[in-house]
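Biologist: I'd like a close look at one part of this protein, the sheet with parallel pairing. Could you walk me through that sheet and then what else is worth seeing around the structure?

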Amino acid sequence: MAGTGSSRRTFIAGAGAAAAAGAVLAGAAAAPAAAAEAGPPPAGRRVAVLGGGVAGLTAAHELAERGYAVTVYERRALGGKARSMDVPDSARGGRRPLPAEHGFRFIPGIYHNLPDTMRRIPFPGNAAGVWDNLVAPREMMFARAAGREDLRGPIPWPGHSPAELTPEEIRRALAGILQTLVRLPPHETAYFVDRVLVFLTSCDERREEVWERTPWWDFVRAERMSNEYRRILAVGITRNIVATKAEEASTRTVGTLGEAFVFNVLGRGADGPPDRILDLPTNEAWIDPWEAHLRSLGVEFRIGWTVREVRYAGGRVSGVAVEGPDGAARTVTADHYVSALPVEHARRTWSAALRAADPMLGRCDKLETDWMTGIQFYLTERAELVHGHLNCIDSPWSLTAIQQAEHWPSRDFPADYGDGTAVDCLSVDISEWDKPGILYGKTAKQCTREEVAREVWAQLKASLNDTGKALLTDTTLHSWFLDPGVDGIGTPHPTNQDELLIHPVGTLYNRPSADTRIPNFFLSGDYVAVDIDLATMEGANASARAAVNALLDRDGSDAARCTVHPMYRAPELEAAKRHDRWRYRLGLRNLFDLG
């Protein structure tokens, strides 16, 4: 795998190669971590957790608190897609390496399970553990290209909190927010708000049987509306946020997430503000303290160990074939096994016998993934963009970004990182890898790493420098770093080790439960069916809690079960949902559905 950093000079000149940096990173990832020696675990209480991302670390955390002897097997680095990483060879003068990541962290107030875990991870000086490292950006922006006015607005918190969430009160609140931020024609704003009310008052049966099979594009009637409506409320909500296409995305998935954010903005059912990020690079703020805490609970880690096959014999998992850091094949045995790998990796490890024992596993082959990958640009001067996230909704590659240094108040970026000249990190997510760009006319997958960086930089400037002021300039570009999980781009065989689960219509029915028919085998990951119907860290965390509860049930344990917090349901809307269930069973439309 190849990770790339590039100086401003080589970036602008078009030269530079990433192989050496990638080799350094790959070698570091392969090094095994030292594991603390532990005495023999109690009979029946040894658990092998396969994967060390958010799902695997959560499962290990919950199991260790309940007295289980846990070993985590991770092929690369703890934290999975949530981790941050060092830019190889970027540190000078005793400073830390420049921080990079798969994509910027976003921990909204609609999450409850993940914040609960974060509160239980100690951090020096923090009463609420690493949860106290969350900070709320003040604003957000839709950045437009071709001279269109950028749409900037404050993030409401505590925001408008109506006394009652009646449909009319929701209509007024949402219309006001949209008219302030989006500025669509009034009839389009009114229509979209009506569609939101349709979803909010739809019963569960209508959501699962109708809206799950309806693309978001069709639900919001995007084809009939203005280009602004389509770019912001159809494409902007789907492709730029959850890396799925509006023409294909399940309305149930998009609507469920949107519903949670509506309640969050209206001050209901939230753990905190709608937008929160960490006040340090992810590993400093969260993953490293988590690892230290889990080690203190007795969890052992095997880093650089790749899971090859989950074997089945005698009605249960008999062992797991792994490859160690030295390339040697080994067999891991335990009493219980939690598969916490991403679905595209997990399903390759399920043997034919295992699949035959539980047909649910075979349905996971129908789940789909796509590319959503990060690139960081390090700047020698602060750019006055926005104090929060920006969404470049006209960019062909569906870019979203955030300037990070201002949100890391305890770090002096030039003094603490790199060579002392980079003062900011503009972290960008690329959500669209299959459409031509503006610089080379090629898709991101067809571009070399250097061309991807140049193309993203050009698209950022097209969105941000189009109103008479150059906010981003080549002279302030220090270097860049593209996620090392991306490889082979610019060749006929591009690969991505960290794809993202997407949610086309109908995929809900292929998502497995955490419990399986195999008595000592459990599933954890953002593809597992939990209340939040979206590939998120919250979903990974909730699924791990569900897997641990299933394990406890199978084990006959008297330990307290993990709390799995459901998505918030506004009590004022339950009567409307009951009414809609009656209408649905009679074959009638939702009361607010005017077509």
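**The parallel sheet and its surroundings**

Modeller: Let's start with one bridge: Val 47 has His 336, in β14, as its bridge partner. Keep in mind that this is a predicted model. The two strands involved are β2, residues 46-50, and β14, residues 336-339, and they pair in the parallel sense over four bridges. Helix α17, residues 537-555, packs on this sheet and touches β2, β14 and β24. The direction of α17 makes about 160° with that of β24.

Now for the whole sheet. It's an open one with five strands, and if you walk across it you meet β10, β3, β2, β14 and β24 in that order, with parallel pairing. At the edges sit β10 (300-303) and β24 (521-523), each of which pairs on one side only. From one strand to the next, the twist averages 20°.

Next, the aromatic rings, since one of the sheet's strands comes back here. The structure holds 13 aromatic pairs. Among them is the pair of Tyr 73 and Trp 305, which is edge-to-face, with 6.1 Å centre to centre and 65° between the planes. Tyr 73 belongs to strand β3 (residues 69-74) while Trp 305 is in the loop between β10 and β11, so this pair ties together parts that are 232 residues apart in sequence.

That loop leads us to β11, which belongs to another sheet. This one is open too, has three strands in the order β11-β12-β13, and its pairing is antiparallel. Its edge strands are β11 (306-313) and β13 (329-332), and each of these pairs on one side only. Here the twist averages 25° from one strand to the next. Between β11 and β12 (residues 316-323) there are seven bridges, in the antiparallel sense. If you want one bridge to click on, take Val 307, whose partner in β12 is Val 322.

Last, the enclosed space. The count comes to four cavities of 30 Å³ or more. The second largest cavity holds about 100 Å³ of space. Its lining includes Glu 101, Phe 104 and Arg 105, then Ile 277, Leu 278, Leu 280, Pro 281 and Thr 282, and also His 389, Ile 402, Gln 404 and Trp 408. Sorted by class, that lining has seven nonpolar, three polar and two charged residues.

How values were computed: Residues numbered from 1 in each chain as written. Predicted model: local features only at pLDDT ≥ 70, side-chain atom pairs only at ≥ 80, totals over all residues. Heavy atoms only, no water. 1 Å grid on protein atoms, 1.4 Å probe; cavity = no way out; pocket = protein on both sides within 12 Å on 5 of 7 lines; lining within 4 Å. Points joined across faces, edges and corners; volume = space filled by probe spheres on them. Nonpolar A, V, L, I, M, F, W, Y, C, P; charged D, E, K, R; others polar. Pairing = 2+ DSSP bridges. Axes fitted to C-alpha atoms, helices over the stretch in contact; angles between N-to-C directions. Contact = heavy atoms within 4.5 Å. Phe/Tyr/Trp six-rings, centres within 6.5 Å; stacked < 30°, edge-to-face > 60°.
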